[in-house]
Amino acid sequence: MGPFLSRFFFAGICLILAALAGCGRPVAFWGPAAKLEVWAVPEDATVLPTSPPEAENAVFSVGEERITLAGAVNEVVAFQVAFRSLRGTEITAVAVEDLRAGDRVIPGDRVALYREARVLVDEYPAWFLRLTPDLREPRRYGDVLVPLAAPRGALPISLQPGETEGIWAEVRIPPGTPAGRYQSRLRVSQSGGGTATLGVALQVWPFALPLTRHLAVVAGVDTRSLLSQHLEVNGKPYVPGQLSFDDPMYSKATLVLDAAVRLLHEHRCGPILGDIAPRRTIGPDGGLELDWSDYDRLAASVIDGSAFEDRAATPAWPMPIDDRNPSPESYGGIGSAGYDRAVTAYLSRCAEHFAQRGWLDRHFVWIPVSESAATDRYDRFDKLGRLIRLADERLRTVCALPPQSMARWGWRNDGFADVSGWVGIWAPPAGLADAAELAGQRAAGKRTWLKPDRPPFSGSLAAFAPGDHAVSLAWQAYRLGCDGILIEAVSDWPEDGRFAASADRCLIWPGKPYGLPGPVASIRLKRLMRGIQDYEYLWLLEQNRRPAIARRIAGDLFPFGGTASYGDHFLDGRPGAWTADVGAWSLARRLMAGEIAAAMEQPAGRPELDGGAEVERFERQIEWARFR
């Protein structure tokens, strides 16, 4: 064999070997120092340092070298880009070009990119060990989403040999975007030169998610914790007793608060500042007087929606009262006549102000009842309910106790009493929520909210929970017939700065460590938003003569929950309340999108389909068979 043929033969063998090596492998390129592997995974997948490359999944194909997405107008669709280097290198830049479909364009600035900063988890609850195959060992979970443009902590990303790092990417499909298939490129650069490129294809469905939000997700913001993690005075954390317009730090403080409420609103959550209150004084006649000026400056634009780009008003807002305000100690303690008078007088003034501002249609009153003495919880709520009703009959009270006795499930001496006469909204923990009882309460004119609990009774919002958990919460709300989700706290950070990664009360993180003036989102908040958007898909199916299909899909993805998760008794939960298959959730969205689009193409006067015939037709689809 001559030199030319030898070189030709050798080159051919190299091409064959390269092709074989590429089969089932992610995109890879050789830089000056290291080989970099790049691939994509769905938004509900977990990217760990040990995660291996994937060749095919719901959003990525190595054969096509393409990321494939789909979404409706006014929807946020997301994916994750993963990197691994065998020898170590640095990622210096990640960018997505404009998405184009002919002369139609979704600008590249509608694509947001974040580094997935990790938190260390070294303690796990019993449910984690029972519901996952993972061992009890320290792991670093990606959760803090640092914008790539942040001054610190984003780029470059130093890849240790053999370890995987992740980037979160999301596309916000603007209102008015024409339907069609949009194409783009994602480029990844490493130090020393070299670029990996993946195609991005986005199918925009011919319908829009409604601007009106049909699931009220109440997200509590601890303003004191938020401000102390972002602002300092004389080298110490800024912790105001009560934020006032006269405070020299007021303008800086409001910038932090505005950033937090906008961040939550962008994720379809209704932020509430539950720890702000009007200033109380005693008038010349000895009566209670309230100064609402500071309160209204902070709350009014959030309540009426003027603080947000889309002008969408918050779906629910609390009266400024809790178990510490008015202070029980200042009026003789809980149960005393002085405290009762103080609560009714204060709430009466609050109701008057809310009515004057036009806020009563979205208000709620929530005074948490201590669980230290389980047997008298209903008695305590009964007394509070009477005081609230005495203050103003229009007030809508939230009750986080179960509306039924738990005796039939083995809970002895639960102290149940019928307090429904004082309840406007039932919000029991998901583990104590009974679908039939909640339906009965709604028939009696009450509203019902889902209060996230622990698995297997509901998905968890903990940092180490599998990705489907946060997504599943909105689906569970739909299955239980709830029109809201109550999340007590999203910024409950410990004062010592040691963030418990297992906590489910930390859905946003301080942005100060990354040089940012306000908080940043967590991956769990993104996944929660994914589920909230899914709820709108289900709502659109119901509004477009497809209610049976909505119920069928929801029933298959989330078969049971709450009390239906009990085994022999209420402490013995059975797993499997929702699917853990990442691909099933994205396939369900495609099925729903197809049905919504088909329904919108039908004549407006077409009669509603019979439920049985509708489902039978639906089940004949090939994708439905795959879903099943």
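Reply: A crossing of two helices is called right-handed if the near helix is turned clockwise from the far one, and left-handed if the near helix is turned anticlockwise by less than a right angle. Keep in mind, as we apply this, that the model in front of you is a predicted one.

Me: In what crossing, left-handed or right-handed, does α9 pass α10?

Reply: The crossing of α9 past α10 is right-handed. The two helices pack at an angle of about 30 degrees, and their axes lie 7 Å apart. On the side of α9 the contact includes Gly467, Val471 and Trp475, while on the side of α10 Arg524, Arg530 and Asp534 are among the residues taking part. Sorted by character, the residues of this contact divide into 10 nonpolar, 2 polar and 5 charged.

Me: Arg530 is one of those residues of α10; is Arg530 buried or exposed?

Reply: A residue counts as buried when its relative accessible area is under 20%. Arg530 has a relative accessible area of 3%, so it is buried. Its place is in helix α10, which covers residues 523–543.

Me: With which side chain does the side chain of Arg530 make a polar contact?

Reply: The partner is the side chain of Glu75, at 2.8 Å. If neighbours within four places in sequence are left aside, Arg530 is also in contact with Glu43, Val76, Val471, Tyr537 and Arg589. In addition, a network of salt bridges links Arg530 with Glu75, Asp534 and Arg589.

Me: How should I read a salt bridge, and how many salt bridges does the count come to?

Reply: The general idea is that side chains of opposite charge can pair when their charged atoms come close. Here the count comes to 31 salt bridges. One of them joins the side chains of Glu165 and Arg118, at 3.2 Å from N to O. Because Glu165 lies in strand β12 and Arg118 in strand β9, the pair ties together parts that are 47 residues apart in sequence. Both Glu165 and Arg118 are buried.

Me: Which residue forms a salt bridge with Arg524?

Reply: That residue is Asp143, and the closest N and O atoms of the pair are 2.7 Å apart. Arg524 sits in helix α10 and Asp143 in strand β10, so that this pair links distant parts of the chain, 381 residues apart. Arg524 and Asp143 are both buried.

Me: Which peptide bonds and phi values should I look at with special care?

Reply: The general idea is that most residues other than glycine have a negative phi, and that most peptide bonds are trans. In this model, a cis peptide bond joins Leu155 and Pro156, with omega at about -5 degrees, and Pro156 has its place in the loop between β10 and β11. The peptide bond from Pro455 to Pro456 is also cis, with omega near 5 degrees, and Pro456 is placed in the loop between β25 and α9.

Me: What is the phi of Arg545, and where is Arg545 found?

Reply: Arg545 has a phi near 60 degrees, which is a positive value although the residue is not glycine. Arg545 is found in the loop between α10 and α11, and its relative accessibility of 15% makes it count as buried. Glu65, which is not a glycine either, has a positive phi of about 50 degrees. This residue is found in the loop between β3 and β4, and with a relative accessible area of 38% Glu65 is partly exposed.

Note on methods
Residues are numbered from 1 along each chain as its sequence is written. This is a predicted model: local features need pLDDT of at least 70, side-chain atom pairs count only at pLDDT 80 or more; totals for chains, interfaces and linings use all residues. Side-chain values use heavy atoms; hydrogens and water are left out. Helices (H or I, at least four residues) and strands (E, at least two) are DSSP runs, numbered from the N terminus. Buried means under 20% relative accessible area, exposed over 50%, partly exposed in between (1.4 Å probe, protein chains only). A polar contact is a pair of N or O atoms within 3.5 Å; within protein, one must be able to donate a hydrogen and the other to accept it, and residues adjacent in sequence count only if both atoms are side-chain atoms. Contact means heavy atoms within 4.5 Å. Axes are lines fitted to C-alpha atoms, for helices over the stretch in contact, and angles run from 0 to 180 degrees between N-to-C directions. Ala, Val, Leu, Ile, Met, Phe, Trp, Tyr, Cys and Pro count as nonpolar, Asp, Glu, Lys and Arg as charged, and the others, Gly among them, as polar. A salt bridge is a side-chain nitrogen of Lys or Arg within 4 Å of a carboxyl oxygen of Asp or Glu.
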